[in-house]
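Student: I am new to this structure and would like a close look at a single part of it. Could you walk me through the nonpolar core and what surrounds it?

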2 protein chains.
Amino acid sequence: MARTREFDTEAAVSRAMELFWTRGYEATTVRDLTQLLGLGQGSLYAAFGDKDGLYRAALEHYRVTLAADALRSLQEGADARSAIRTMLAERVRIAVEHEGRGCLAVNAACERLPQDASTRRVVRDMQDASRDAIAEVLRVAAERGEIAARHDPHTLAAFLVTFLHGLLVSAKITPDARALEPLVEVALAALD
Amino acid sequence: MARTREFDTEAAVSRAMELFWTRGYEATTVRDLTQLLGLGQGSLYAAFGDKDGLYRAALEHYRVTLAADALRSLQEGADARSAIRTMLAERVRIAVEHEGRGCLAVNAACERLPQDASTRRVVRDMQDASRDAIAEVLRVAAERGEIAARHDPHTLAAFLVTFLHGLLVSAKITPDARALEPLVEVALAALD
DNA sequence: CGCAATCTGTATCAAGCGATCCACAATATG
DNA sequence: CATATTGTGGATCGCTTGATACAGATTGCG
């Protein structure tokens with residue numbers, strides 16, 4: 001009953017995410033996006049409504065791919081400390097790429113929060129999900145006696161997520177993973 | 001030999017800083033600024049060159065007032081731990097104001113680093129100054145035996161600055177000082 | 001096969017942007 | 001007091017922006 005869409009929506013969102021991530025929201029124009037995606041403006045607006053809609057789709061894509069991968073990796077470590085260490089190092093590694101693009105969610109928080117209330121919800125949800133996942137890993141580790149119980153798991157997890165935000169900002173200012181790794185070790189000392 | 005400038009340049013920069021801080025660079029228009037400052041566009045451009053010039057002046061104003069105050073307060077504490085605790089809490093308090101405006105320097109890092117190389121230098125200088133000031137406080141405290149020497153002062157200081165960045169981002173996402181204060185205590189445990 | 005519905009790409013729109021121009025006001029200097 | 005020089009603010013410029021209109025292409029369905 002109608003013509004078929006010629007482009008892969010998810011692939012388009014993924015490429016749009018890369019551009020928003022690298023340049024930021026305001027500095028990315030709709031024409032930049034159409035050129036990168038090889039689309040006419042009509043197609044883009046028909047598929048995503050407006051620039052904001054595409055950005056929200058990109059942020060959501062970030063959440064279900066990159067952010068979700070990081071949380072999955074938390075389950076794979078031999079112990080809590082090394083699992084968290086690996087996760088933080090991996091986030092830093094990604095953040096320093098492309099001349100320090102940082103983290104799309106942190107960038108969104110800094111650039112778009114004053115204007116866009118819906119972004120706050122999404123970013124906060126991502127933060128909460130990270131905190132809860134880390135808290136669960138810490139809870140199990142504390143039960144096993146792998147880590148000291150100086151602080152409760154939820155507070156520790158909130159600390160680690162906030163510290164991660166700091167790492168991602170520092171990665172933008174100085175995109176050098178080797179300079180940041182020692183800081184991870186200091187943060188992990190909070191588990192002792 | 002010529003007409004006198006009618007407005008106070010520093011006061012204008014200070015008010016411009018407030019607007020950039022609250023709204024971000026791109027979302028602040030030159031007309032917003034002229035209206036807030038009560039200036040014609042001619043006056044603004046004659047005084048600051050362009051929008052970028054005014055932004056750079058605002059960032060510099062932030063450095064010599066707010067950021068410098070924070071470093072001065074480091075010298076006033078009874079001991080290193082309480083001095084750092086007070087400084088971090090004060091930065092958080094300021095960051096949660098105005099619906100979580102955060103920190104102008106961190107906002108600049110996230111929003112303007114991809115486009116503006118000169119901002120990177122300024123932000124990095126501010127970061128380095130904070131780190132060095134904290135390192136010096138820690139060095140003295142370590143000599144006195146007030147804090148343990150598990151990590152060297154420079155690494156500890158870099159950790160604290162990065163953690164502060166995280167606090168300022170978290171303050172944007174969830175502008176609630178009481179939720180952030182416990183995290184400061186966890187970070188300070190790194191000094192033990 | 002024909003029709004209706006959707007997609008595609010280009011041209012185009014109105015609005016807002018940063019920046020400049022300019023006529024006029026104010027003032028330091030001789 | 002006269003004059004050269006600078007500040008002032010509103011009008012205006014050229015451009016880019018996000019968004020839309022539209023004509024043609026493509027498709028599923030009767």
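Tutor: In this predicted model, the largest nonpolar core has 118 residues, and Ala58(A), Leu160(A), Ala58(B) and Leu160(B) touch the most other members. A general tendency fits here: in soluble globular proteins, nonpolar side chains tend to be buried together. Take Leu160(A) as your starting point. Leaving aside residues up to four places away in sequence, Leu160(A) touches Ile84(A), Ile134(A) and Ala187(A).

One of those partners, Ile134(A), takes us into helix 7 of chain A, where Ile134(A) is among the buried residues. The others buried in helix 7 of chain A are Thr119(A), Arg120(A), Val123(A), Met126(A), Gln127(A), Ser130(A), Arg131(A), Val137(A), Leu138(A) and Ala141(A). As you read those numbers, keep a general point in mind: an α-helix has 3.6 residues a turn, so residues three or four places apart point the same way. What do the buried residues of helix 7 of chain A pack against? Within chain A, their partners are helix 4 (51–74), helix 5 (80–100), helix 6 (104–112) and helix 8 (153–173), and helix 8 of chain B joins them.

You can also check the length of helix 7 of chain A, which covers residues 117–143. Its 27 residues should span 39 Å at 1.5 Å a residue, and the end C-alpha atoms are indeed 39 Å apart, so the two values agree. Just after this helix, Gly145(A) has a positive phi of about 80 degrees.

Let us step back to the whole of chain A. Its secondary structure comes to nine helices and zero strands. Of its 192 residues, 43% count as buried. Its C-alpha atoms fill a box of roughly 60 × 40 × 30 Å along the principal axes. Among contacts in chain A between residues at least 6 apart in sequence, 64% join residues at least 24 apart.

Now follow the packing across to helix 8 of chain B. Is this helix enclosed or open to the outside? Of its 21 residues, 19 are buried, so helix 8 of chain B is largely enclosed by the rest of the structure. Its length works out too: at 1.5 Å a residue those 21 residues should span 30 Å, which agrees with the 30 Å between its end C-alpha atoms.

Helix 8 of chain B also has a part in the contact between the chains. That contact takes 42 residues from chain B and 42 residues from chain A. On the side of chain B that touches chain A, helix 1 (9–23), helix 6 (104–112), helix 7 (117–143), helix 8 (153–173) and helix 9 (177–188) of chain B each supply at least two residues. The largest share, 14 residues, comes from helix 8 of chain B. Sorted by class, this side of chain B has 21 nonpolar, 14 polar and seven charged residues.

How are the two chains arranged? A turn of 180 degrees, with a shift of 0.0 Å along the axis, lays chain B on chain A with an RMSD of 0.0 Å. The two copies are thus related as by a two-fold rotation axis. The same surface serves both copies, as 100% of the contact residues of chain B recur in chain A. Of the residues of chain B, Gly166(B) comes closest to the rotation axis, at 1.8 Å (C-alpha).

Moving on from the core, we come to the DNA. Of the 24 residues around DNA strand C, Ala2(A), Arg3(A), Glu6(A), Gly40(A) and Gly42(A) come nearest. Helix 3 of chain A, along with helix 2 (30–37) and helix 3 of chain B, gives two or more residues to this surface. Helix 3 of chain A gives the most, with four residues. Around DNA strand D there are 24 residues, of which Arg3(A), Ala2(B), Arg3(B), Gly40(B) and Gly42(B) come nearest. There, the largest share, four residues, comes from helix 3 of chain B. The surface near DNA strand D divides into nine nonpolar, eight polar and seven charged residues.

One last detail concerns the backbone. Most residues other than glycine have a negative phi. His98(A), found in helix 5 of chain A, has a positive phi of about 55 degrees although it is not a glycine. With 13 other C-beta atoms within 10 Å, His98(A) is partly exposed.

Note on methods: Residues are numbered from 1 along each chain as its sequence is written. Chains are lettered from A and ligands numbered from 1 in the order in which they are written. This is a predicted model: local features need pLDDT of at least 70, side-chain atom pairs count only at pLDDT 80 or more; totals for chains, interfaces and linings use all residues. Two residues are in contact if their C-beta atoms, placed from the backbone, lie within 7 Å. Ala, Val, Leu, Ile, Met, Phe, Trp, Tyr, Cys and Pro count as nonpolar, Asp, Glu, Lys and Arg as charged, and the others, Gly among them, as polar. A residue is near a molecule or strand if its C-beta atom, placed from the backbone, lies within 6 Å of it. A residue is buried if 20 or more other C-beta atoms lie within 10 Å of its own, exposed if 12 or fewer, and partly exposed in between; C-beta atoms are placed from the backbone. Copies are superposed by least squares on the C-alpha atoms of residues with pLDDT of at least 70 in both. A nonpolar core is a set of buried Ala, Val, Leu, Ile, Met, Phe, Trp, Tyr and Cys residues joined through C-beta atoms within 7 Å. The expected span of a helix is 1.5 Å times one less than its number of residues.
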